Amino acid sequence: MAIAHAPAPTAPAHSLVHDLVEAGIHFGQRSAAWNPKMQPYIYGKRNGIHIIDIKETVKGLLLAKKFIAKTVADGKDVCFVGTKRQARAVIEQRVGDVKQHWVTERWLGGTLTNFRTIRSRLKRLEELEAIQRSENFASYSKKMESQLKREKDKIFKNLSGIRGMDKLPGALIVVDVTKEINALREARKLGIPTICLIDSDGDPELADIAIPGNDDSMRSIDVIIRELCLAVNDGKNLRTQIKEQSAAGEGPRGVEARGEAGGDRSRRSARVKYRADDAGGPAGGPEVETRAEPAEPVKQA
C-alpha cells in the first residue's frame, strides 16, 4: 500500500513537467544562433537545435511563482509584457481573467519611467469615451467625429491593458527578452524585478528570475502564463486572508496574528535584530548581575 500511494504527492509536479514537455518548452533555437550565456540552461544539442534543460525550466518557474505570490500578497500588482504575435492572445485572455495588467501591442517608451504622462493619456481616453457616450456627439461634424474616434482607438489599442494600473507594478513578466529590451531597461532603471521566459538566443542577465524555455511556441507560452496566473490567484487569496486576520485581530492576540501573517514584519524583525545584537543574553540579565557583585566586597571592607 505504501508503494502504491508514494507517487501521489508528486502528481502536480509530474503533471506540470508533462505539460511543459508536451508544449515543446525544451526546444531552443538553432545552435548557430545561440547566446553563450545560456550555457548553464542547455541540456544538449540535437539536429543542430539546442535542447533546454527541463529541470532548469521547472526550477525557474517555481521560483517565479513563489515570488509572484509573495508580491501580490503584499498588495502589489504585476504587469505582463508580450508583444510578439504568439503571446498576444494568450496574455490578454489569461491575465485578463486574474485582473492584472498587460502590454501586448507595443511598448511605448516611458511607459514606466514617464508613468505620469501615460496616466494623462489614459485620462484622455476616458474623456473621449465620455464624449462618444454623450447625446450631443451626433452634433459634431463628421471630420471631428473621425478624429476623435481615431484618437480613442489609438490610445485604447496601445494602453488598454494598463488602464487600471494606477501605480508602478511590483514585478514585470516578459516573454522574449530580445524583443522587449526597452521594457527591461525601464524596469531595471526603476528597480522593478523582472521575470522572463528566455530562449536559447536570449540574455539571462537581463532577468532577475529566468525561466529558460521556448518563447516562440504559443503552447509553451500558454503553459508558462497559466502557471504564473495561478500564482497571482494564490497571492490574492493570501492577501485576503491577511486583511481578514488584521481586521479581526484585537489587543495582543491581534498583534500576534498580524505578525504571523506578515503584517507586522517591522516590529518582529526589530526584536530579532535586538536579540541578535545582544549576544550576552537577555537585556538587563547577566550583565546587571555581574556589575552588582563587585559592590558587596567594597561594603564589607
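Visitor: Before we start, what does "buried" mean, and how much of the chain is buried?

Guide: Buried means under 20% relative accessible area. Keep in mind that you're looking at a predicted model. With that cut-off, the share of buried residues among the 301 residues in the chain comes to 40%.

Visitor: How many helices and strands are there in the chain?

Guide: Let's take the strands before the helices. The chain has 8 strands, and its helices number 12.

Visitor: Let's look at H4 and H8. Are they roughly parallel or roughly antiparallel?

Guide: Find H4 at residues 85–97 and H8 at residues 218–248. Their axes are 9 Å apart, and the packing angle is about 25°. Angles under 35 degrees count as roughly parallel. So the word for H4 and H8 is roughly parallel.

Visitor: Which kind of residue, nonpolar, polar or charged, has 8 members in the contact of H4 with H8?

Guide: On the H4 side, the residues include Ala87, Val90 and Ile91, and they meet H8 residues including Ile221, Ile225 and Cys229. The contact also has 1 polar and 3 charged residues. The kind with 8 members is nonpolar.

Visitor: Which salt bridge ties H4 to H8?

Guide: Asp222 sits in H8 and Arg94 in H4, so their pairing ties together parts 128 residues apart in sequence. The N to O distance is 3.0 Å. Arg94, at 28% relative accessibility, counts as partly exposed, and so does Asp222 at 23%. The bridge you're after is Asp222 with Arg94.

Visitor: H8 also crosses H3. Is that crossing left-handed or right-handed?

Guide: H3 covers residues 54–73, and its axis comes within 7 Å of the H8 axis. The two cross at roughly 35°. As for the hand of the crossing, it's right-handed.

Visitor: How many nonpolar residues are there in the contact of H3 with H8?

Guide: Leu61, Ala64 and Ile68 are among the H3 residues here, and they meet H8 residues including Leu228, Ala231 and Val232. The contact also holds 4 charged residues and 1 polar one. The nonpolar count is 12.

Visitor: Which residue forms a salt bridge with Lys84, and is that partner buried or exposed?

Guide: Lys84 is in the loop between strand E4 and H4, and its partner is in the loop between E8 and H8, 131 residues apart. The closest N and O atoms are 3.8 Å apart. Lys84 counts as buried because its relative accessibility is 7%. The partner is Asp215, which at 3% counts as buried.

Visitor: What about Lys37 and Asp203: how many residues apart in sequence are the parts they tie together?

Guide: Their side chains meet in a salt bridge at 3.4 Å, N to O. At 38% relative accessibility Lys37 counts as partly exposed, while Asp203, at 17%, counts as buried. Lys37 is in the loop between E1 and E2 and Asp203 in the loop between E7 and E8, so the separation is 166 residues.

Visitor: Which residues are linked in a network of salt bridges?

Guide: A search of the whole structure turns up 18 salt bridges. Lys65 is in H3 and meets H8, where Glu227 is part of the contact. Arg226 in H8 is part of the contact with H4. The network links Asp19, Lys65, Arg226 and Glu227.

Visitor: Among contacts between residues at least 6 apart in sequence, what share joins residues at least 24 apart?

Guide: Contact here means heavy atoms within 4.5 Å. Of the contacts you describe, the share is 62%.

Note on methods:
Residues are numbered from 1 along each chain as its sequence is written. This is a predicted model: local features need pLDDT of at least 70, side-chain atom pairs count only at pLDDT 80 or more; totals for chains, interfaces and linings use all residues. Side-chain values use heavy atoms; hydrogens and water are left out. Axes are lines fitted to C-alpha atoms, for helices over the stretch in contact, and angles run from 0 to 180 degrees between N-to-C directions. Helices (H or I, at least four residues) and strands (E, at least two) are DSSP runs, numbered from the N terminus. Angles under 35 degrees count as roughly parallel, over 145 as roughly antiparallel, 65 to 115 as roughly perpendicular and the rest as oblique. Ala, Val, Leu, Ile, Met, Phe, Trp, Tyr, Cys and Pro count as nonpolar, Asp, Glu, Lys and Arg as charged, and the others, Gly among them, as polar. A salt bridge is a side-chain nitrogen of Lys or Arg within 4 Å of a carboxyl oxygen of Asp or Glu. Buried means under 20% relative accessible area, exposed over 50%, partly exposed in between (1.4 Å probe, protein chains only). A crossing is left-handed if the near helix is turned anticlockwise from the far one by less than a right angle, and right-handed if clockwise.
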